[in-house]
Each structure stands twice: as C-alpha cells, then as structure tokens.
Amino acid sequence: MVGCTVKNWRGPIADTTQNGVAIIGNLIANCKAVDALAFSNNQNGLVYNNTFDGCSGNVINLSASAQSATIIGNIFSNNIGLSKYAIATASGSSTLGDRLIPMIDYNVYYNNTANLQNLTAGTHDLVGVNPTYANSGSYDLTPTNTALKGVGFPTSVLGVTSEMWPGAIQPVA
C-alpha cells in the first residue's frame, strides 16, 4: 500500500500474513479498527513514512510470529483508544522485542494513549513532540514543527544530512 489517504475507516487497513509487505507514504486518520495494521506470520514487513492520526485501536500490532519488521519515519499522533498502543507486540515476547528494537526508530509519538507495548523507543525517536499539523480539522496533516526536519530517515545510512521529515506529507521548503 503506497501513497493512500484513508479516513474514517471502520475495519483493518491491512491484516497480513504475507512476506515483504510495504506500507509507505500513507495518511491514515480516524481509523476505528481494533488494529489498523496487523502483522502475523510474516517477514520483512516495512512501514515507512506514514502518518497515523486519531485512530482508536492499536495502530500497528505485531504478533509473536511476525519477524523482522522495519518501522521508521512515521508519525503516530492523537491515537487515544483505551488500552491501545501506537505499536503493540505480543505480551511476554522478549525475543520479538529484542529482534525489533533496532528496526523501530526515527518515529514521532505524540498524544497517544500509549506508545509502545513490550518495546523501548528507538534512539532517534521523538516522544512527546507535537508535529503541529497545518490544519488537522480539514485533514491537512502536513507537519510544521521544524524540530521534525531531518528526523524521518537515518542519516548515517546515507552519510549525508537528511532533510526527510517523518510522516506521509513532506512540507514544502
């Protein structure tokens, strides 16, 4: 799924057991599913540069059998379901958490009920930083907080200074 806008959806956006699933550059707002994205029995899933705002369930749920997911450059904001997480993992799955910690990074978490279940925020994650959307009332979720500039992609991978913002929408310079 690449470059989609999904608003007020009442079911899961993706419930996948397939390997190599990519969720890239999507704006997902006000999703009312138990899990917006559910990964189980799959390998090499990629969730990159998406904006998840106002969802009422878990945004991403990684089952104990999900392996090697990479979740980078996303904004998780205003997801306020009771006992729900931006990224949830199976309870008691320490090996899952150990496997995923280095692959979940460069994300922004703001005003969620809870951010991470059985995981620790990545070294480059921004926790509690308001993305300050251009006009959230009309779903213009372009981040305007300049503290996010360059946060959306690991600069050490490229060896150059990144200008990539996290989230689906890149502000105009």
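**Exercise 1. State the accessible surface of the chain and the share that belongs to carbon and sulfur atoms.**

Solution. The accessible surface of the chain is about 7,800 Å², and carbon and sulfur atoms hold 52% of it. Accessible areas come from the Shrake-Rupley method with a 1.4 Å probe, and for residues only the protein chains shown count as cover. The structure is a predicted model, in which local features need pLDDT of at least 70 and side-chain atom pairs count only at pLDDT 80 or more, while totals for chains, interfaces and linings use all residues. Residues are numbered from 1 along each chain as its sequence is written, and side-chain values use heavy atoms, with hydrogens and water left out.

Next, burial. Of the 173 residues of the chain, 46% count as buried (under 20% relative accessible area; exposed is over 50%, partly exposed in between, with a 1.4 Å probe and protein chains only).

**Exercise 2. How many helices and strands does the chain have, and what percentage of its contacts join residues at least 24 apart?**

Solution. The chain has 2 helices and 16 strands. These are DSSP runs numbered from the N terminus: helices are H or I with at least four residues, strands E with at least two. For contacts (heavy atoms within 4.5 Å), take those between residues at least 6 apart in sequence: 56% of them join residues at least 24 apart.

**Exercise 3. Give the strand order of the open sheet of 6 strands and identify its edge strands.**

Solution. The order is β1-β4-β7-β10-β13-β14, with parallel pairing. Two strands pair if DSSP finds at least two bridges between them. The edges are β1 (5–7) and β14 (126–127), each of which pairs on one side only. At the β1 edge, 3 bridges join β1 to β4 (residues 27–29) in the parallel sense. Within that pairing, K7 stands opposite A29 in β4.

**Exercise 4. Describe the strands that pair with β8 and the burial of β8 and β5.**

Solution. Start with β5 (residues 35–39), which runs parallel to β8 and is joined to it by 4 bridges. Bridge partners here include L37 with I60 and D35 with N58. Then take β11 (residues 87–89), paired with β8 in the parallel sense over 3 bridges; N61 stands opposite A88 in β11.

For burial, 4 of the 5 residues of β8 (residues 58–62) are buried, so β8 is largely enclosed by the rest of the structure. In β5, 5 of the 5 residues are buried, so that strand too is largely enclosed.

**Exercise 5. Which residues touch the most other members of the largest nonpolar core, and which elements give two or more residues to this core?**

Solution. A nonpolar core is a set of buried Ala, Val, Leu, Ile, Met, Phe, Trp, Tyr and Cys residues joined through side-chain atoms within 4.5 Å. The largest core has 24 residues, of which F39, V47, I60, I71, F76 and I87 touch the most other members. The elements that give two or more residues to this core are β5 and β8. Apart from it lies another core of 8 residues, including I75, V108, L141 and L148.

Now examine I60. Leaving aside neighbours within four places in sequence, I60 contacts L37, F39, V47, I71, F76, A86, I87 and A88.

**Exercise 6. Find the aromatic pairs and describe their geometry.**

Solution. A search of the whole structure finds 2 aromatic pairs. Rings of Phe, Tyr and Trp (its six-membered ring) pair if their centres lie within 6.5 Å; planes under 30 degrees apart count as stacked, over 60 as edge-to-face and the rest as tilted.

1. F52 and F76 are stacked, at 5.2 Å centre to centre and 10° between the planes. F52 lies in β7 (residues 51–53) and F76 in β10, 24 residues apart.
2. F76 and Y109 are also stacked, at 5.3 Å centre to centre with 10° between the planes. F76 is in β10 and Y109 in β13 (residues 108–110), so this pair ties together parts 33 residues apart in sequence.
3. Ring pairs thus link F52, F76 and Y109 into a cluster. Both F52 and F76 are buried, and Y109 counts as buried at 1% relative accessibility.

**Exercise 7. Why are C31 and C55 not bonded?**

Solution. A disulfide is a pair of cysteine sulfur atoms within 2.5 Å, and a search of the whole structure finds 0 disulfides. The sulfur of C55 is 4.9 Å from the closest cysteine sulfur, in C31, which is too far for a bond. C31 counts as buried at 1% relative accessibility, and C55 counts as buried at 1%.
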